[in-house]
Amino acid sequence: MTSRPQPDSRDAYARFVPLTTRWMDNDAYGHLNNVVYYSLFDTAVNSLLIDAGALDIHAGAVIGLVVETHCNFFESLAFPQRIEAGVRVAQQGRSSVRYEIGLFAEGAATCAARGHFVHVYVDRDSRRPVAALPDAYLSALETLKAPTP
């Protein structure tokens with residue numbers, strides 16, 4: 001029997017990105033719609049990569065395609081609420097990276113949701129996996145390595 005996933009604490013993440021919710025993010029039940037969590041994951045990771053100078057969304061030769069996603073929900077988040085996304089790199093391959101993200105209500109000790117996605121980095125034009133991640137990505141990923149317990 002598999003144990004039920006538990007929320008992570010802040011010390012499980014390497015970096016944090018402040019995010020805000022929007023009016024349109026709430027669903028009919030008064031909390032963030034499920035798909036919004038995935039959008040927040042993507043926004044957090046890509047913001048860090050852009051800020052590090054690794055990702056150029058308009059002209060970069062290398063782009064990341066999401067090939068796997070997952071999310072566990074622990075508490076509701078809603079508009080208007082500020083969120084802090086914790087990010088860590090859990091696995092890094094030749095052309096792929098597994099990012100793990102925890103979404104925290106501002107100041108909360110444990111995450112309201114946590115998930116992961118896997119990027120396969122490909123050549124923008126051919127859409128084939130790169131032979132190796134560019135140096136700018138390697139440098140950025142180093143700052144996102146999962147903290148050691």
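## Phe73 and its ring partner

Let's start with Phe73, which counts as partly exposed because its relative accessibility is 38%. Keep in mind that what you're looking at is a predicted model. Phe73 has an aromatic partner in Tyr37, and the two rings meet edge-to-face, with 4.7 Å from centre to centre and 85° between the planes. Tyr37 belongs to helix α1 (residues 34-51), while Phe73 belongs to strand β2 (residues 62-73), so this pair ties together parts that sit 36 residues apart in sequence. Tyr37 has a relative accessibility of just 2%, so that ring counts as buried.

## Another pair, this time tilted

Now hop over to Tyr121 and Tyr137. Their rings form a tilted pair, 4.8 Å centre to centre with 55° between the planes. This one also links distant parts of the chain: Tyr121 is in strand β5 (residues 113-123), Tyr137 is in helix α2 (residues 135-142), and they are 16 residues apart. Both tyrosines, Tyr121 and Tyr137, are buried.

Altogether, the count of aromatic pairs comes to eight.

## A ring cluster and two arginines

Some rings come as a group: Tyr13, Phe16 and Phe104 are linked into a cluster by ring pairs. Two arginines turn up here as well. Arg10 has its charged end over the ring of Phe104, 4.8 Å from the centre. Arg88, for its part, lies over the face of Tyr13, at 4.4 Å from the ring centre.

## Strand β5 and its neighbours

How many of the 11 residues of β5 are buried? Nine of them are, so the strand is largely enclosed by the rest of the structure.

Strand β5 pairs with β2 through 11 bridges, and those two run antiparallel. Strand β4 (residues 96-105) is joined to β5 as well, by eight bridges, again antiparallel. A nice spot to look at is Arg114 in β5: Asn72 stands opposite this arginine, and Arg114 is also the bridge partner of Gly102. As a rule, side chains in a regular strand alternate between the two faces of the sheet.

## Out at Arg4

Finally, have a look at Arg4, which you'll find in the segment before β1 (15-20). Is Arg4 buried or exposed? Arg4 has a relative accessible area of 66%, so this residue is exposed. Compare its position with that of Val130: the two are 126 residues apart in sequence, and their C-alpha atoms are 36 Å apart in space.

Conventions. Residues numbered from 1 in each chain as written. Predicted model: local features only at pLDDT ≥ 70, side-chain atom pairs only at ≥ 80, totals over all residues. Heavy atoms only, no water. Helix = DSSP H or I, 4+ residues; strand = E, 2+ residues; numbered from the N terminus. Buried < 20%, exposed > 50% of the residue type's maximum accessible area, 1.4 Å probe, protein only. Phe/Tyr/Trp six-rings, centres within 6.5 Å; stacked < 30°, edge-to-face > 60°. Lys NZ or Arg CZ within 6 Å of the ring centre and 35° of its normal. Pairing = 2+ DSSP bridges.
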